[in-house]
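Colleague: I've got a model open and a pile of terms I only half follow. Can we go through what makes each one apply?

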Amino acid sequence: MTEKTSSLLGIIGYPIGHSVSPVFQQAALNHAGIDAKYLAWETPPENLSDRINSLKESGVIGANVTVPHKQSVLPFLDNLSKTAREIGAVNTIVNDKGVLYGHNTDVFGFMKSLHNDGDFFADGGQSALVLGAGGSAKAIAYGLLRDGIKKLVISNRTLSRAVQLKKELGNPENVFVATPESTDMLRDHHLIVNCTTLGMKHGPGEDKSPLSPEHISKGTVVFDLVYNPRRTPLIKEAMGIGARAISGLPMLIYQGAEAFRLWTGINPPTEVMFDAAENALKG
Ligand SMILES: NC(=O)c1ccc[n+]([C@@H]2O[C@H](COP(=O)([O-])OP(=O)(O)OC[C@H]3O[C@@H](n4cnc5c(N)ncnc54)[C@H](OP(=O)(O)O)[C@@H]3O)[C@@H](O)[C@H]2O)c1
(Lines give C-alpha, C1' and ligand atoms only; values in the text may rest on other atoms or scores of the structure.)
Protein backbone atom coordinates (compact mmCIF):
# COMPACT_ATOMS: atom_id res chain seq x y z
CA MET A 1 0.00 0.00 0.00
CA THR A 2 1.44 3.40 -0.92
CA GLU A 3 1.33 6.12 1.70
CA LYS A 4 -0.53 9.28 0.68
CA THR A 5 1.78 12.29 0.79
CA SER A 6 0.54 15.75 1.75
CA SER A 7 0.92 18.71 -0.57
CA LEU A 8 3.65 21.19 0.27
CA LEU A 9 3.95 24.90 0.91
CA GLY A 10 6.73 26.83 2.59
CA ILE A 11 8.52 30.09 3.23
CA ILE A 12 11.80 30.79 1.45
CA GLY A 13 14.26 33.08 3.22
CA TYR A 14 17.68 33.25 4.84
CA PRO A 15 17.76 33.00 7.79
CA ILE A 16 14.22 31.79 8.43
CA GLY A 17 14.18 30.51 12.03
CA HIS A 18 12.41 33.67 13.33
CA SER A 19 9.43 33.41 10.97
CA VAL A 20 5.95 32.80 12.43
CA SER A 21 4.45 32.13 8.97
CA PRO A 22 4.82 28.32 9.33
CA VAL A 23 2.79 28.45 12.56
CA PHE A 24 -0.17 30.52 11.37
CA GLN A 25 -0.28 29.14 7.82
CA GLN A 26 -0.28 25.54 9.13
CA ALA A 27 -3.07 26.46 11.56
CA ALA A 28 -5.09 27.87 8.64
CA LEU A 29 -4.50 24.77 6.47
CA ASN A 30 -5.53 22.47 9.33
CA HIS A 31 -8.62 24.55 10.07
CA ALA A 32 -9.66 24.45 6.40
CA GLY A 33 -9.09 20.66 6.27
CA ILE A 34 -6.43 20.97 3.55
CA ASP A 35 -3.93 18.11 3.61
CA ALA A 36 -0.78 20.19 3.20
CA LYS A 37 2.39 20.89 5.16
CA TYR A 38 3.82 24.42 5.39
CA LEU A 39 7.58 24.29 5.96
CA ALA A 40 10.44 26.71 6.67
CA TRP A 41 12.71 26.46 3.63
CA GLU A 42 15.94 28.13 4.70
CA THR A 43 17.62 29.00 1.41
CA PRO A 44 21.02 30.70 1.09
CA PRO A 45 21.29 32.90 -2.04
CA GLU A 46 23.40 30.36 -3.96
CA ASN A 47 20.57 27.78 -3.66
CA LEU A 48 17.72 30.09 -4.67
CA SER A 49 17.48 28.94 -8.29
CA ASP A 50 17.26 25.23 -7.30
CA ARG A 51 14.71 26.01 -4.59
CA ILE A 52 12.46 27.93 -6.97
CA ASN A 53 12.70 25.23 -9.63
CA SER A 54 11.66 22.62 -7.05
CA LEU A 55 8.36 24.52 -6.59
CA LYS A 56 7.28 23.31 -10.06
CA GLU A 57 6.87 19.75 -8.77
CA SER A 58 3.31 18.46 -8.80
CA GLY A 59 2.91 18.19 -5.01
CA VAL A 60 3.90 21.80 -4.36
CA ILE A 61 1.13 24.40 -4.07
CA GLY A 62 3.42 27.42 -3.74
CA ALA A 63 5.52 29.45 -1.35
CA ASN A 64 6.06 32.69 0.50
CA VAL A 65 9.29 34.60 -0.05
CA THR A 66 11.00 36.78 2.52
CA VAL A 67 14.30 38.58 3.21
CA PRO A 68 16.66 38.58 1.33
CA HIS A 69 14.98 37.03 -1.74
CA LYS A 70 11.91 39.17 -2.48
CA GLN A 71 13.64 40.93 -5.39
CA SER A 72 16.21 38.34 -6.50
CA VAL A 73 13.47 35.74 -7.04
CA LEU A 74 11.92 37.61 -10.00
CA PRO A 75 14.05 36.16 -12.84
CA PHE A 76 13.11 32.59 -11.83
CA LEU A 77 9.35 33.12 -12.19
CA ASP A 78 7.20 32.65 -15.32
CA ASN A 79 4.57 35.35 -14.68
CA LEU A 80 4.19 38.35 -12.38
CA SER A 81 1.06 40.11 -11.13
CA LYS A 82 0.79 43.83 -11.99
CA THR A 83 1.64 44.84 -8.39
CA ALA A 84 4.63 42.49 -8.15
CA ARG A 85 5.94 43.75 -11.50
CA GLU A 86 5.52 47.41 -10.59
CA ILE A 87 7.11 47.05 -7.13
CA GLY A 88 9.77 44.66 -8.39
CA ALA A 89 9.27 42.35 -5.40
CA VAL A 90 7.46 39.05 -4.82
CA ASN A 91 6.36 37.60 -1.48
CA THR A 92 4.01 34.88 -2.76
CA ILE A 93 4.47 32.23 -5.46
CA VAL A 94 1.72 30.01 -6.87
CA ASN A 95 2.57 26.81 -8.76
CA ASP A 96 -0.04 26.17 -11.46
CA LYS A 97 0.93 22.87 -13.14
CA GLY A 98 4.61 23.75 -13.33
CA VAL A 99 4.09 27.42 -14.22
CA LEU A 100 5.18 29.78 -11.43
CA TYR A 101 3.19 32.99 -10.75
CA GLY A 102 4.69 35.74 -8.55
CA HIS A 103 2.48 38.03 -6.45
CA ASN A 104 3.02 40.74 -3.86
CA THR A 105 0.50 40.67 -1.01
CA ASP A 106 2.50 43.01 1.30
CA VAL A 107 0.78 46.09 -0.14
CA PHE A 108 -2.66 44.51 0.38
CA GLY A 109 -1.71 43.54 3.97
CA PHE A 110 -0.47 47.03 4.79
CA MET A 111 -3.47 48.85 3.29
CA LYS A 112 -5.99 46.53 4.93
CA SER A 113 -4.33 46.99 8.29
CA LEU A 114 -4.14 50.78 7.85
CA HIS A 115 -7.83 51.06 6.94
CA ASN A 116 -8.99 48.58 9.57
CA ASP A 117 -10.63 51.12 11.84
CA GLY A 118 -11.41 53.94 9.46
CA ASP A 119 -10.60 55.19 5.98
CA PHE A 120 -7.17 56.75 6.47
CA PHE A 121 -7.45 59.01 3.40
CA ALA A 122 -11.01 60.12 4.21
CA ASP A 123 -9.82 60.91 7.76
CA GLY A 124 -7.53 63.61 6.34
CA GLY A 125 -4.47 61.45 5.70
CA GLN A 126 -2.56 63.50 3.17
CA SER A 127 1.06 63.34 4.19
CA ALA A 128 3.15 60.33 5.12
CA LEU A 129 6.65 59.77 6.43
CA VAL A 130 8.23 56.43 5.54
CA LEU A 131 11.25 55.53 7.66
CA GLY A 132 13.63 53.26 5.75
CA ALA A 133 14.32 52.63 2.07
CA GLY A 134 14.61 48.85 1.84
CA GLY A 135 12.28 46.24 0.33
CA SER A 136 9.30 46.88 2.58
CA ALA A 137 9.62 50.68 2.28
CA LYS A 138 9.24 50.29 -1.47
CA ALA A 139 6.02 48.29 -1.14
CA ILE A 140 4.59 50.76 1.41
CA ALA A 141 5.54 53.83 -0.68
CA TYR A 142 4.06 52.19 -3.79
CA GLY A 143 0.78 51.44 -1.98
CA LEU A 144 0.44 54.93 -0.51
CA LEU A 145 1.13 56.62 -3.86
CA ARG A 146 -1.23 54.28 -5.69
CA ASP A 147 -4.00 55.10 -3.21
CA GLY A 148 -3.49 58.86 -3.57
CA ILE A 149 -1.26 60.15 -0.77
CA LYS A 150 -0.60 63.85 -1.45
CA LYS A 151 2.91 64.07 0.00
CA LEU A 152 5.44 61.39 0.88
CA VAL A 153 8.79 61.81 2.64
CA ILE A 154 11.22 58.89 2.62
CA SER A 155 13.82 59.18 5.37
CA ASN A 156 16.73 56.78 5.47
CA ARG A 157 20.04 56.52 7.31
CA THR A 158 21.73 56.05 3.92
CA LEU A 159 20.41 58.94 1.81
CA SER A 160 21.53 57.39 -1.51
CA ARG A 161 19.12 54.47 -0.94
CA ALA A 162 16.23 56.88 -0.42
CA VAL A 163 17.19 58.69 -3.64
CA GLN A 164 17.34 55.34 -5.46
CA LEU A 165 13.92 54.37 -4.09
CA LYS A 166 12.40 57.64 -5.27
CA LYS A 167 13.89 56.93 -8.73
CA GLU A 168 12.41 53.42 -8.75
CA LEU A 169 9.01 54.92 -7.90
CA GLY A 170 9.30 57.02 -11.09
CA ASN A 171 10.65 60.23 -9.44
CA PRO A 172 7.21 61.61 -8.52
CA GLU A 173 7.12 65.34 -7.68
CA ASN A 174 5.29 64.72 -4.40
CA VAL A 175 8.01 62.39 -3.04
CA PHE A 176 10.85 63.92 -1.00
CA VAL A 177 13.95 62.32 0.49
CA ALA A 178 15.49 62.96 3.89
CA THR A 179 17.78 61.55 6.55
CA PRO A 180 17.02 61.12 10.28
CA GLU A 181 18.90 64.43 10.78
CA SER A 182 16.56 66.43 8.46
CA THR A 183 14.27 67.20 11.40
CA ASP A 184 12.11 69.80 9.61
CA MET A 185 11.04 67.24 7.03
CA LEU A 186 10.08 64.68 9.67
CA ARG A 187 7.41 66.90 11.27
CA ASP A 188 3.66 67.28 10.69
CA HIS A 189 2.77 64.02 8.95
CA HIS A 190 -0.62 62.29 9.23
CA LEU A 191 1.05 58.90 8.99
CA ILE A 192 4.46 57.59 10.06
CA VAL A 193 5.51 54.11 8.94
CA ASN A 194 8.58 52.38 10.33
CA CYS A 195 10.11 50.23 7.58
CA THR A 196 13.50 49.92 9.27
CA THR A 197 14.60 46.97 11.37
CA LEU A 198 14.94 49.18 14.49
CA GLY A 199 12.91 47.80 17.39
CA MET A 200 13.01 44.21 16.12
CA LYS A 201 13.53 41.53 18.79
CA HIS A 202 17.07 40.08 18.71
CA GLY A 203 18.11 42.73 16.13
CA PRO A 204 21.03 45.11 16.72
CA GLY A 205 18.62 48.04 17.28
CA GLU A 206 16.18 46.12 19.50
CA ASP A 207 15.82 48.90 22.10
CA LYS A 208 15.86 51.81 19.64
CA SER A 209 13.08 53.86 18.08
CA PRO A 210 13.64 55.16 14.52
CA LEU A 211 12.08 58.53 15.43
CA SER A 212 12.17 60.99 18.29
CA PRO A 213 8.75 61.46 20.00
CA GLU A 214 8.82 65.21 19.23
CA HIS A 215 7.82 64.33 15.63
CA ILE A 216 4.66 62.51 16.74
CA SER A 217 1.46 64.28 17.71
CA LYS A 218 -1.86 63.03 19.05
CA GLY A 219 -3.45 63.03 15.59
CA THR A 220 -0.65 61.03 13.94
CA VAL A 221 -1.18 57.43 12.88
CA VAL A 222 2.01 55.49 13.73
CA PHE A 223 2.46 52.17 11.95
CA ASP A 224 5.40 49.93 12.85
CA LEU A 225 6.05 47.11 10.40
CA VAL A 226 8.06 45.34 13.08
CA TYR A 227 5.70 42.76 14.67
CA ASN A 228 7.96 41.17 17.28
CA PRO A 229 7.64 42.55 19.91
CA ARG A 230 4.06 43.87 19.57
CA ARG A 231 5.06 46.95 21.59
CA THR A 232 8.22 48.27 19.98
CA PRO A 233 9.95 51.41 21.28
CA LEU A 234 8.16 53.42 18.52
CA ILE A 235 4.74 51.96 19.38
CA LYS A 236 5.34 52.79 23.07
CA GLU A 237 6.28 56.37 22.15
CA ALA A 238 3.11 56.74 20.07
CA MET A 239 0.91 55.27 22.79
CA GLY A 240 2.51 57.57 25.36
CA ILE A 241 1.48 60.57 23.24
CA GLY A 242 -2.03 59.22 22.68
CA ALA A 243 -1.51 58.69 18.92
CA ARG A 244 -3.11 55.78 17.06
CA ALA A 245 -0.48 53.01 17.01
CA ILE A 246 -0.61 50.00 14.68
CA SER A 247 1.71 47.02 15.17
CA GLY A 248 3.05 45.02 12.21
CA LEU A 249 1.19 41.84 13.23
CA PRO A 250 -2.12 42.59 11.43
CA MET A 251 -0.18 43.37 8.22
CA LEU A 252 1.72 40.09 8.57
CA ILE A 253 -1.53 38.17 8.97
CA TYR A 254 -3.36 39.96 6.14
CA GLN A 255 -0.50 39.47 3.65
CA GLY A 256 -0.42 35.80 4.67
CA ALA A 257 -4.21 35.47 4.45
CA GLU A 258 -4.17 36.89 0.91
CA ALA A 259 -1.42 34.42 -0.02
CA PHE A 260 -3.58 31.61 1.43
CA ARG A 261 -6.48 32.76 -0.79
CA LEU A 262 -4.23 32.73 -3.87
CA TRP A 263 -2.99 29.20 -3.12
CA THR A 264 -6.28 27.59 -2.13
CA GLY A 265 -9.04 29.71 -3.70
CA ILE A 266 -10.91 29.73 -0.39
CA ASN A 267 -11.57 32.43 2.20
CA PRO A 268 -8.72 32.44 4.73
CA PRO A 269 -9.61 31.76 8.39
CA THR A 270 -8.06 35.05 9.54
CA GLU A 271 -9.01 34.70 13.23
CA VAL A 272 -7.34 31.29 13.41
CA MET A 273 -4.20 32.81 11.86
CA PHE A 274 -4.18 35.69 14.37
CA ASP A 275 -4.58 33.35 17.35
CA ALA A 276 -1.80 31.02 16.18
CA ALA A 277 0.63 33.89 15.52
CA GLU A 278 -0.13 35.62 18.81
CA ASN A 279 0.44 32.38 20.72
CA ALA A 280 3.72 31.76 18.90
CA LEU A 281 4.96 35.29 19.64
CA LYS A 282 4.09 34.90 23.34
CA GLY A 283 6.30 31.84 23.64
N1 LIG B 1 4.63 43.22 9.27
C2 LIG B 1 4.93 42.73 8.09
O3 LIG B 1 4.11 42.04 7.44
C4 LIG B 1 6.28 43.01 7.50
C5 LIG B 1 6.48 42.84 6.12
C6 LIG B 1 7.74 43.16 5.60
C7 LIG B 1 8.76 43.59 6.45
N8 LIG B 1 8.52 43.71 7.79
C9 LIG B 1 9.56 44.20 8.71
O10 LIG B 1 10.03 45.47 8.23
C11 LIG B 1 11.40 45.64 8.58
C12 LIG B 1 12.21 46.06 7.34
O13 LIG B 1 12.19 44.99 6.39
P14 LIG B 1 12.84 45.16 4.93
O15 LIG B 1 12.56 43.92 4.18
O16 LIG B 1 12.42 46.46 4.33
O17 LIG B 1 14.40 45.24 5.31
P18 LIG B 1 15.60 45.80 4.44
O19 LIG B 1 15.28 45.79 2.99
O20 LIG B 1 16.82 45.08 4.93
O21 LIG B 1 15.74 47.36 4.89
C22 LIG B 1 16.15 47.68 6.19
C23 LIG B 1 16.02 49.18 6.43
O24 LIG B 1 16.34 49.43 7.80
C25 LIG B 1 17.35 50.45 7.87
N26 LIG B 1 18.21 50.23 9.03
C27 LIG B 1 18.78 49.06 9.41
N28 LIG B 1 19.50 49.24 10.54
C29 LIG B 1 19.37 50.55 10.87
C30 LIG B 1 19.88 51.36 11.92
N31 LIG B 1 20.69 50.85 12.87
N32 LIG B 1 19.54 52.67 11.97
C33 LIG B 1 18.71 53.19 11.03
N34 LIG B 1 18.21 52.48 10.00
C35 LIG B 1 18.53 51.17 9.92
C36 LIG B 1 18.11 50.31 6.58
O37 LIG B 1 18.80 51.52 6.34
P38 LIG B 1 20.12 51.57 5.40
O39 LIG B 1 19.61 51.63 3.98
O40 LIG B 1 20.80 52.82 5.82
O41 LIG B 1 20.92 50.33 5.68
C42 LIG B 1 16.96 50.04 5.59
O43 LIG B 1 16.31 51.24 5.24
C44 LIG B 1 11.86 44.31 9.19
O45 LIG B 1 11.82 44.44 10.60
C46 LIG B 1 10.79 43.31 8.72
O47 LIG B 1 10.63 42.24 9.61
C48 LIG B 1 7.29 43.43 8.32
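Modeller: Sure, let's begin with contact, which means heavy atoms within 4.5 Å. Keep in mind that this is a predicted model, where local features need pLDDT of at least 70, side-chain atom pairs count only at pLDDT 80 or more, and totals for chains, interfaces and linings use all residues. Residues are numbered from 1 along each chain as its sequence is written, and side-chain values use heavy atoms, with hydrogens and water left out.

Colleague: Which residues in H1 and H10 meet?

Modeller: Val23, Phe24, Gln25, Ala27, Ala28 and His31 in H1 meet Val272, Met273, Ala276, Ala277 and Ala280 in H10. That contact has nine nonpolar residues, two polar and no charged. Ala, Val, Leu, Ile, Met, Phe, Trp, Tyr, Cys and Pro count as nonpolar, Asp, Glu, Lys and Arg as charged, and the others, Gly among them, as polar.

Colleague: What makes H1 and H10 helices, and at what angle do they pack?

Modeller: A helix is a DSSP run of H or I with at least four residues, a strand is a run of E with at least two, and both are numbered from the N terminus. H1 covers residues 21-31 and H10 covers residues 270-282. They pack at about 145 degrees, with axes 8 Å apart. Axes are lines fitted to C-alpha atoms, for helices over the stretch in contact, and angles run from 0 to 180 degrees between N-to-C directions.

Colleague: What makes a residue one of those around the ligand?

Modeller: One of its heavy atoms has to lie within 4 Å of the ligand. There are 22 such residues, and Ser136, Asn156, Arg157, Thr158 and Arg161 come nearest. This shell divides into ten nonpolar, nine polar and three charged.

Colleague: How do you know that Ser136 makes a polar contact with the ligand?

Modeller: A polar contact is a pair of N or O atoms within 3.5 Å (within protein, one must be able to donate a hydrogen and the other to accept it, and residues adjacent in sequence count only if both atoms are side-chain atoms). A side-chain N or O atom of Ser136 is 2.6 Å from a ligand oxygen atom, so the pair qualifies. The side chain of Arg161 has an N or O atom 2.8 Å from a ligand oxygen atom.

Colleague: Why point out Asn171?

Modeller: Most residues other than glycine have a negative phi. Asn171 is not a glycine, yet its phi is positive, about 50 degrees. Asn171 sits in the loop between H6 and S9.
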